[in-house]
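Trainee: I have a structure open and would like to talk it through with you. Could we go over it question by question?

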Amino acid sequence: MADFPACPACAEEITYPDRDHYVCATCGHEWPMEAGQDDSSSVEESKFRDAHGTPLYDGDTVTLTKDLKVKGTSTVLKVGTRITNIKLVEGDHDVDCRVNGQKFMLKSCFMKKA
């Protein structure tokens, strides 16, 4: 097996060269082969990650990976619910969003990037 570098985004070793870039077969991240052109800093900027480890940014669209009961109500946010234009914040619940006109604070570990 060839010695290609591990992916800087997900640390998997299943990578391959594609023209002047390396590509991760697991997450699809691409980065330049030359060390002087390192553009992986944009991936490392976001400390917020979804359930699969994909970096999240303000304004992203996500879907829920689990049914979530809302405390104090009988409301349940169903798996597969699509949430657009999320806002990332510091704290215990790191995603502010709106679902059906109501504001919610959710954890990013229960969503995946759409």
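Mentor: Happily; what follows is a set of questions and answers on a predicted model.

Trainee: Let's begin with the sheet. In what order do the three strands of the open sheet come?

Mentor: Strands of a sheet pair through backbone hydrogen bonds, either parallel or antiparallel. Here the pairing is antiparallel. The order of the three strands is E1-E2-E3.

Trainee: And which strands stand at the edges?

Mentor: Look for strands with a single partner strand, since one side of each is then left without a neighbour in the sheet. The two that fit are strand E1 (15–18) and strand E3 (30–32).

Trainee: By how many degrees are neighbouring strands of this sheet turned against each other on average?

Mentor: Direction is ignored for this value. On average, the turn between neighbouring strands of the sheet is 30 degrees.

Trainee: Now the pairing in detail. Which residue is the bridge partner of Pro17 in E2?

Mentor: E1 and strand E2 (residues 21–24) run antiparallel and are joined by four bridges. Within this pair of strands, Thr15 stands opposite Cys24. For Pro17, the bridge partner in E2 is Tyr22.

Trainee: Which residue is the bridge partner of Tyr22 in E3?

Mentor: E2 and E3 also run antiparallel, and three bridges join them. The partner of Tyr22 in E3 is Trp31.

Trainee: Which residue in the turn between E1 and E2 has a positive phi?

Mentor: These strands form a hairpin with two residues between them. The residue in question lies in the loop between E1 and E2, and its phi of about 55 degrees is positive although it is not a glycine. With 77% relative accessibility it counts as exposed, because the cut-off for that class is over 50%. The residue is Arg19.

Trainee: What about the hairpin of E2 and E3: which residue in the turn has a positive phi there?

Mentor: In this hairpin, five residues lie between the strands. The positive phi, about 85 degrees, belongs to Gly28.

Trainee: Is Ala11 buried or exposed?

Mentor: Ala11 is found in the segment before E1. Its phi is near 70 degrees, a positive value in a residue other than glycine. At 57% relative accessibility, Ala11 counts as exposed.

Trainee: Let's move on to charges. Which residue forms a salt bridge with Glu90?

Mentor: Side chains of opposite charge can pair when their charged atoms come close. For Glu90, the closest N and O atoms of the pair are 2.8 Å apart. The pair links distant parts of the chain, 43 residues apart, with Glu90 in the loop between strand E8 (87–88) and strand E9 (95–99) and its partner in the loop between H1 and E4. The partner is Lys47.

Trainee: Is Asp60, which meets Lys113 in a salt bridge, buried or exposed?

Mentor: The N to O distance in this salt bridge is 3.4 Å. Lys113 sits in strand E11 (residues 111–113) and Asp60 in the loop between H1 and E4, 53 residues apart. Lys113 is partly exposed, with a relative accessible area of 32%. Asp60 has a relative accessible area of 14%, so it is buried.

Trainee: How many residues apart in sequence are the parts that Lys107 and Asp92 tie together?

Mentor: The side chains of Lys107 and Asp92 meet in a salt bridge, with 3.8 Å from N to O. Lys107 lies in the loop between strand E10 (102–106) and E11, and Asp92 in the loop between E8 and E9. The parts tied together are therefore 15 residues apart.

Trainee: One last residue, Asp50. Which is its nearest side chain of opposite charge?

Mentor: Asp50 lies in the loop between helix H1 (41–45) and strand E4 (62–64). Asp50 is buried yet has no salt bridge. At 7.2 Å, the nearest side chain of opposite charge is Arg49.

Trainee: Then which backbone nitrogens lie 2.9 Å from a polar atom of the Asp50 side chain?

Mentor: The residues that Asp50 touches include Leu56, Ser108 and Lys113, leaving aside those up to four places away in sequence. One backbone nitrogen at 2.9 Å from a polar atom of the Asp50 side chain is that of His52. Another, also at 2.9 Å, is that of Lys113.

Conventions. Residues numbered from 1 in each chain as written. Predicted model: local features only at pLDDT ≥ 70, side-chain atom pairs only at ≥ 80, totals over all residues. Heavy atoms only, no water. Buried < 20%, exposed > 50% of the residue type's maximum accessible area, 1.4 Å probe, protein only. Lys, Arg positive; Asp, Glu negative; His and termini not counted. Salt bridge = Lys/Arg side-chain N within 4 Å of Asp/Glu carboxyl O. Polar contact = N/O pair within 3.5 Å; in protein donor to acceptor, adjacent residues only side chain to side chain. Contact = heavy atoms within 4.5 Å. Pairing = 2+ DSSP bridges. Axes fitted to C-alpha atoms, helices over the stretch in contact; angles between N-to-C directions.
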